[in-house]
Amino acid sequence: MNEVAIGTEGLTKTYANIHAVGGISLTVPRGAIYGFLGRNGAGKTTTIKMLLGLTRPTAGAAHVLGMDIAAERMAILRRTAFVSEKKTLYPSLTPSELVRFSRGFYPTWSDSAVEKYARLLEIPMKQRFEKLSNGNQTKVWLLLALSQGADLLILDEPTTALDPVSVDQLLHVLTEDGLDRGCTIFFSSHQLEEVERIAEYTGVIEQGKLLMESRLDDIKSEFRLITAAGNALPTQISSQVLSVMAEGNFYRYVVTKNAESFAAGLSQNGATVTNIVPLSLREIFLQLVRKEQ
Amino acid sequence: MYFWKCWRDTRSFFIVFLIIAAIVMPVAAVVCLGTHLVADFGTSAFSATFGLILMAVALGLGAIGAIHEFAENTAHFLFTKPRSRSYFVWAGWAVGFAELLAVATVNFLAGWLTLSRYSKNPFHSALFGSITVHTLLDPLLFCLWAYCLTYSLTVLLRNGLKGLGASMGILFGLPLFAVAIRWRWHIKLPFPPEPIGGLPVVMSSIIWILVAMLFVLAAQLFVEWTEI
């Protein structure tokens, strides 16, 4: 698991004077499910577009499946399946025709997977794409991605427009089938429950900056919210302190490890530690995003 | 795969025009049975319909051939396939070009067979005189030019209707522009398939073909450079 499926270093994308992505450094281990969290406009889609060569980075470097995105784009695309945020496809083609169109591009394509997922996701294969419901259009994208036999699935908000039953089916398929094949799954979302349910790793992006990257198990076992009262308590961010919010004499710290020793340090500085509580992913996300605002 | 997709997108239009190209002269001949119209003016009618049908096909295929591929919402699907962007531009162009040639060939063969059957001299009419290689190649060259221009503008504007509109604007506007230049500055601007300056016809034709190819090359460079 120490091999890296996606690695970025200072990946940056600037449009005129706007930093869409401001130097993010991600590490997605091979074979993992990675939830890329962020609000609308946080920079998730731009990051994904850079990984797939749809947009050129302004600065920084990235490797996908050990290959440089600038130099080996075709080789990356052969082994990567993608579901776009915009679920539009050719309106006059049926899902069967889209399968026929996509099949020839990929040597690892599986027709048995097409049959399986078409049945499982209940996709009307003979109906024109433009006549399908939004949910079924999303499912067609997923069908094409899952049948490709890819080593890496990059899914940009894959559950958009899906009903709860379909979301459940999809998450089941991703965890069972994807991981069985040793496939890495990198999916962006702002649905925290979905990420919490299936992801092993998560990264939080806001205003183009990666605010946090961690294993979900570490979040559950190590991350703590410490509430303290005192005068001029420390407000520096470090590897241990993920965020600090100060309101008058009240301070709220999100710490990533050794919460007890950190609280003891605050007490030695004259602070009264009022609470140390574990955090859910939702609470961490809200803490991080609020701090940025 | 991608060639099949291009064929799938254009086949209805192509088949309709292939049928028109195949039957227009035989139908005209049957309708005119008992008159001398086909015998006297058949060749002229053939020349006129040849250019007209090819022009409609060139404009139509130019706009349909890239109607969805490079549009805002579907380009990310195509451009995440493991093929170069130039492949998609030229594959789409090649399918349309092959269809244009097929319609031209069928129309020529149907016209020639009909005139051979009903006309005293299939290569000569009272109206325009003899059919020469030029009377066939000139409309073909102009239609190739129109096809490449329409296809390129459709790719550049990422929309079939906009591409068609812009292309028709240029094709209708350019002769007017040339007339205005000639009237104001007494400079004669060549317009395809006219000979360029004092160059031989073959050389001029080659230059016009290269100009048409340059349109597609420009579209390719735009697609390669553009960010989705």
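This is a short tour of a two-chain structure, to follow with your viewer open. Keep in mind that the model is predicted.

**Stop 1: chain B as a whole**

Select chain B and show it as a cartoon. How many helices and strands does chain B have? There are 7 helices and 2 strands. Trace them from the N terminus and you'll meet them in the order α-α-α-α-β-β-α-α-α. Along its principal axes, the C-alpha trace of chain B spans about 60 × 50 × 25 Å.

Now colour chain B by accessibility, if your viewer can do that. Of its 228 residues, 46% count as buried. Contacts across the sequence are worth a look too: among those between residues at least 6 apart, 77% join residues at least 24 apart.

Next, pick B:V31. You'll find B:V31 in helix 1 of chain B, which covers residues 2–31. Is B:V31 buried or exposed? B:V31 is exposed, with a relative accessible area of 64%; exposed is the label here because that value is over the 50% cut-off. While you're there, draw a line from the C-alpha of B:V31 to that of B:V133: the two are 28 Å apart in space and 102 residues apart in sequence.

**Stop 2: where the chains meet**

Bring chain A back and select the residues that touch across the two chains. You should get 30 residues from chain A and 28 residues from chain B. Together the chains bury about 2,700 Å², and 62% of that is on carbon and sulfur atoms. Highlight A:L54, A:Y90 and A:F105: these supply 26% of the area that chain A buries against chain B, more than any other three residues.

For the charged side of things, 3 salt bridges are found across the interface. Zoom in on one of them, between A:E97 and B:R8, where the closest N and O atoms are 2.8 Å apart. Counting polar contacts between chain A and chain B gives 12 residue pairs. Which elements of chain A should you colour on this side? Strand 1, helix 2 (73–78), helix 3 (95–103) and helix 5 (134–146) of chain A each supply at least two residues that touch chain B.

**Stop 3: a hairpin in chain A**

Stay with strand 1 of chain A (residues 4–15) and add strand 2 (residues 18–24). These two pair in the antiparallel sense over 5 bridges. They form a hairpin with 2 residues between them. Click A:A16 in the turn, which has a positive phi of about 50°. Then look across the pair: A:L11 stands opposite A:I24 in strand 2 of chain A.

**Stop 4: the six-stranded sheet**

Now find the open sheet of 6 strands in chain A, with order 7-8-9-4-10-11 and mixed pairing. The edge strands are strand 7 (80–83) and strand 11 (209–215) of chain A, each pairing on one side only. From one strand to the next, the twist averages 15°.

Strand 10 (residues 201–206) runs antiparallel to strand 11 of chain A, with 6 bridges between them. Here A:Y201 stands opposite A:R215.

Add helix 1 (residues 44–51) of chain A, which packs on this sheet and touches several strands, including strand 4 and strand 7. The direction of helix 1 makes about 145° with that of strand 9 of chain A. Then show helix 6 (residues 164–180) of chain A, lying across strand 4, strand 8 and strand 9 at about 135° to strand 4.

**Stop 5: the four-stranded sheet**

Move along chain A to an open sheet of 4 strands, in the order 13-14-12-15 with antiparallel pairing. Strand 13 (241–247) and strand 15 (272–278) of chain A each have a single partner strand, so one side of each has no neighbour in the sheet. The twist here averages 15° from one strand to the next.

In this sheet, strand 12 (residues 224–229) joins strand 14 (residues 250–255) of chain A through 6 bridges. Pick A:T227 and you'll see A:R252 opposite.

**Last stop: A:Q240**

Finally, select A:Q240, in the loop between strand 12 and strand 13 of chain A. Which backbone oxygens does the side chain of A:Q240 reach? One belongs to A:K257, at 3.0 Å, and another to A:N258, at 3.2 Å. Among the other residues that A:Q240 touches are A:V254, A:S261 and A:F262.

Terms used:
Residues are numbered from 1 along each chain as its sequence is written. Chains are lettered from A and ligands numbered from 1 in the order in which they are written. This is a predicted model: local features need pLDDT of at least 70, side-chain atom pairs count only at pLDDT 80 or more; totals for chains, interfaces and linings use all residues. Side-chain values use heavy atoms; hydrogens and water are left out. Buried means under 20% relative accessible area, exposed over 50%, partly exposed in between (1.4 Å probe, protein chains only). Two strands pair if DSSP finds at least two bridges between them. Axes are lines fitted to C-alpha atoms, for helices over the stretch in contact, and angles run from 0 to 180 degrees between N-to-C directions. Contact means heavy atoms within 4.5 Å. Buried area is the accessible area (1.4 Å probe) that two parts lose on being put together, summed over both. A salt bridge is a side-chain nitrogen of Lys or Arg within 4 Å of a carboxyl oxygen of Asp or Glu. A polar contact is a pair of N or O atoms within 3.5 Å; within protein, one must be able to donate a hydrogen and the other to accept it, and residues adjacent in sequence count only if both atoms are side-chain atoms. Lists of a residue's contacts leave out its neighbours within four places in sequence.
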